[in-house]
Amino acid sequence: MGMNTVKRHCTEGTLQAIESLGCFKDGHFHLKSGRHSNKYGQLRFAELIRLTSPFLNYSLKKLGVQHGDTSIVLVGPKTMGREIATYMAGSQEIPYAWCEIDDKEGKAYWPDKPGDFADIVKDRKVILLDDMLTKGTTTRQVVKLVEDSGGGILAALFIARRNQDTTAETIGVPRLDFLVDLEFPDWEISECPLCAGEVPLDKIGHWKEFHEKFPDYPLKED
Ligand SMILES: [Zn+2]
């Protein structure tokens, strides 16, 4: 496989299937964290949920979630977290909520409509779901939103973690679980070897934020 992945709960076959979807790209990327990497995880929902829902169901069961348990809420941030949370909540017949993320400020907030997510979360146990955990900046904002709304965080579940320094403690959750651990390198822009070599930046992910700051830096052709 040639990838520095450490599998957690999934089988070798599942891991190969995830990789074969083209979820992990090589290039020069500007991440949400503002750091750069030569690897980018782009997890597509439809295939991904088919491969990973057994793991997610298993993790929910380990956390004591019973089918139809209305004392639990699954919460995910837009976009993939929302998709995963609503899908899993549907299959478990338990409540869900999702939130928006303000890209400029990084803050999490409930959408105007349907408008009752703060009430749904209040006094319930919350499990956060999302696809990719890097620094956990988004997750910390979602934790704050949930706690400000009177919900109690039980755990956070991710499909993949791509930074081993990010732990339950650093994101402020009692428990953290994920399907795959990815040892993808990332660097501050000032220390990025790809920037040093003027390797064109891929127009994937958060490249626009980089382009606004460094409009003369070459971009990869479409
Ligand atoms: Zn770079």
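Two strands are said to pair if DSSP finds at least two bridges between them, and this predicted model offers a clear case with which to begin. Strand S2, residues 24-30, and strand S3, residues 36-41, run antiparallel and are joined by five bridges. Within this pairing, Lys25 has Tyr40 of S3 as its bridge partner. The hairpin that S2 and S3 form has five residues between the strands, and there Gly34 takes a positive phi near 90°.

From this hairpin one can step back to the whole chain, which has eight helices and nine strands. The C-alpha trace spans about 55 × 40 × 30 Å along its principal axes. A compact globule of 222 residues would have a radius of gyration near 17 Å, and because the chain has 18 Å, the two values agree. Of the contacts in the chain with a separation of 6 or more, 62% are accounted for by residues 24 or more positions apart.

The interior comes next. Of the 222 residues of the chain, 37% count as buried. In soluble globular proteins, nonpolar side chains tend to be buried together. Here the largest nonpolar core has 48 residues, and those with the most contacts inside it are Leu74, Val75, Ala85, Ile127 and Phe178. Strand S8, residues 152-161, gives the most to this core, with seven residues. Val75 can serve as a guide to its surroundings: leaving aside neighbours within four places in sequence, Val75 is in contact with Ala85, Ala97, Trp98, Cys99, Val121, Val126, Leu128, Val142 and Val146.

Some details of the backbone lie in the loops. The peptide bond from Lys78 to Thr79 is cis, with omega near 10°, and Thr79 belongs to the loop between strand S4 (72-77) and helix H3 (80-92). Following H3 along the chain, one comes to the loop between H3 and strand S5 (96-101), which is the place of Glu93. Glu93 has a phi near 55°, a positive value in a residue other than glycine. Since a residue is exposed if 12 or fewer other C-beta atoms lie within 10 Å of its own, Glu93, with 11 such atoms within 10 Å, is exposed.

Another glutamate can be read in a similar way. Glu198 lies in the loop between helix H7 (193-196) and helix H8 (207-213), and its phi is near 50°, again a positive value in a residue other than glycine. Glu198 counts as exposed because it has 10 C-beta neighbours inside 10 Å.

Notes. Residues numbered from 1 in each chain as written. Predicted model: local features only at pLDDT ≥ 70, side-chain atom pairs only at ≥ 80, totals over all residues. Helix = DSSP H or I, 4+ residues; strand = E, 2+ residues; numbered from the N terminus. Rg over C-alpha atoms; globule rule 2.2 N^0.38 Å. Buried ≥ 20, exposed ≤ 12 C-beta atoms within 10 Å, placed from the backbone. Contact = placed C-beta atoms within 7 Å. Core = buried A, V, L, I, M, F, W, Y, C linked by C-beta atoms within 7 Å.
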